[in-house]
Every structure is written in structure tokens, then in C-alpha cells.
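Welcome! Below is a short guided look at one structure, meant for someone meeting it for the first time.

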Amino acid sequence: MVLEATSGGLDRLTAQMERRMQIVELLDCYGPLLKEKQRDLLDLYHNQDLSLAELAQEQDVSRQAVHEAIKRGEIALYDFEARLGFLRRMRSWQELTEELRDWPLEEGELRSLRSMWLKRAETLL
């Protein structure tokens, strides 16, 4: 893929990279819920960076069959997140934990409250 010199080309590339990273996170979170073959295809495509042609040759199927299987797997991952929301909740807890770490430590009461919330937030991650 040749990178276009326009900001539209950079925006499109950035959006593709963000989507790919999101799918990798979803695969880490919900991969065990997929069928083994589908999970393996998604892993090889997104994490190991194999092309559709390489996967098709390895699986002895058409490029189109691999593409459709990957798309179905991605849709399933997004569906799991929409229904279960684990990744969204994990991100919320991570943000809360970061905010709590940044609280000032001037007062003893605030320090103990901060410590209590940090321990609780970290156990939920």
C-alpha cells in the first residue's frame, strides 16, 4: 500500500491501525470464545501479520474464504464486546486507577482513601 501524501491518506491509515489494534485487544479478551480455527485465523492475520494469500495457501482454501472467515470472526468479537462489555469496563477501571494514582498526597485522610480505592480498582482489573 502506497501512503498518499494527503492528510486523507494519513487519516485513513491511522483509522486502519486503530481498528487493527482494537481487534487485537478484542481477540485477547474474547478469543477463547471463538472456535479454534477462527481464533487461529484471526491471530495469524492480525498478530502474526500473515496475508490472506498466505493463510489461504496454508488452509488450502480460497482467499475469499479466508477473508469471509476473518470478517465473521471480527464481527463476533465486536458482538461479544457489545453484549458483555469487558474491554470497555477494563478500560474504565484502568482510567480510574490512573486518575487515583495522580491524586495529591497532602492529607492523611486523602492518602488512605486513595490507597483504598487503588487496591480495589486493581483487584477488579
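## Salt bridges at a glance

Let's begin with the charged side chains. The count of salt bridges comes to 5. This is a predicted model, and the pairs described here are read from its atoms. Side chains of opposite charge can pair when their charged atoms come close.

## Glu74 and its charged partners

A good place to start is Glu74, which lies in helix H4. The side chain of Glu74 meets that of Arg19 in a salt bridge, with 2.8 Å from N to O. Glu74 belongs to H4 and Arg19 to helix H1 (residues 7-30), so this pair ties together parts that are 55 residues apart in sequence. Is Glu74 buried or exposed? Glu74 has a relative accessible area of 2%, under the 20% cut-off, so it counts as buried. Arg19, at a relative accessible area of 36%, is partly exposed.

Glu74 also has a salt bridge with Lys71, where the closest N and O atoms are 3.2 Å apart. Here both residues sit in helix H4, 3 residues apart, which is about one turn of the helix. Lys71 counts as partly exposed, with 33% relative accessibility. Through shared partners, the salt bridges join Arg19, Lys71 and Glu74 into one network.

Charged residues are part of the story, but what else does Glu74 touch, leaving out residues up to four places away in sequence? The list is Arg19, Ile23, Leu42 and His46.

## A second link to helix H1

Another salt bridge pairs Asp49 with Arg20, and their closest N and O atoms are 3.3 Å apart. This pair links distant parts of the chain: Asp49 is in the loop between H2 and helix H3 (52-59), while Arg20 is in helix H1, 29 residues apart. Asp49 counts as exposed, at 56% relative accessibility. Arg20 is partly exposed, with a relative accessible area of 23%.

## Where H2 crosses H4

Now for the helices themselves. How do H2 and H4 cross, and at roughly what angle? The axes of helix H2 (residues 36-47) and helix H4 (residues 63-84) come within 9 Å and cross at roughly 100°. Angles of 65 to 115 degrees count as roughly perpendicular, so H2 is roughly perpendicular to H4.

On the H2 side, the residues in this contact are Gln38, Leu41, Leu42, Tyr45 and His46. On the H4 side they are Val66, Ala69, Ile70, Arg72, Gly73, Glu74 and Leu77. Sorted by type, the residues of the contact divide into 7 nonpolar, 3 polar and 2 charged.

## The nonpolar core

Which residues touch the most other members of the largest nonpolar core? This core has 16 residues, and the ones that touch the most other members are Leu34, Leu41, Leu42, Val66, Ile70 and Leu77. H1, H2, H3 and H4 are the elements that give two or more residues to the core. H4 gives the most, with 5 residues.

Take Ile70 as an example from this group. Setting aside residues up to four places away in sequence, Ile70 touches Leu41, Leu42, Tyr45, His46, Leu52 and Leu55. Leu41, Leu42, Tyr45 and His46 also appear on the H2 side of the contact with H4. When you turn the model around, Ile70 and Glu74 are handy points to look for, since both belong to the H4 side of that contact.

Terms used: Residues numbered from 1 in each chain as written. Predicted model: local features only at pLDDT ≥ 70, side-chain atom pairs only at ≥ 80, totals over all residues. Heavy atoms only, no water. Axes fitted to C-alpha atoms, helices over the stretch in contact; angles between N-to-C directions. Helix = DSSP H or I, 4+ residues; strand = E, 2+ residues; numbered from the N terminus. Parallel < 35°, antiparallel > 145°, perpendicular 65-115°, else oblique. Contact = heavy atoms within 4.5 Å. Nonpolar A, V, L, I, M, F, W, Y, C, P; charged D, E, K, R; others polar. Salt bridge = Lys/Arg side-chain N within 4 Å of Asp/Glu carboxyl O. Buried < 20%, exposed > 50% of the residue type's maximum accessible area, 1.4 Å probe, protein only. Core = buried A, V, L, I, M, F, W, Y, C linked by side-chain atoms within 4.5 Å.
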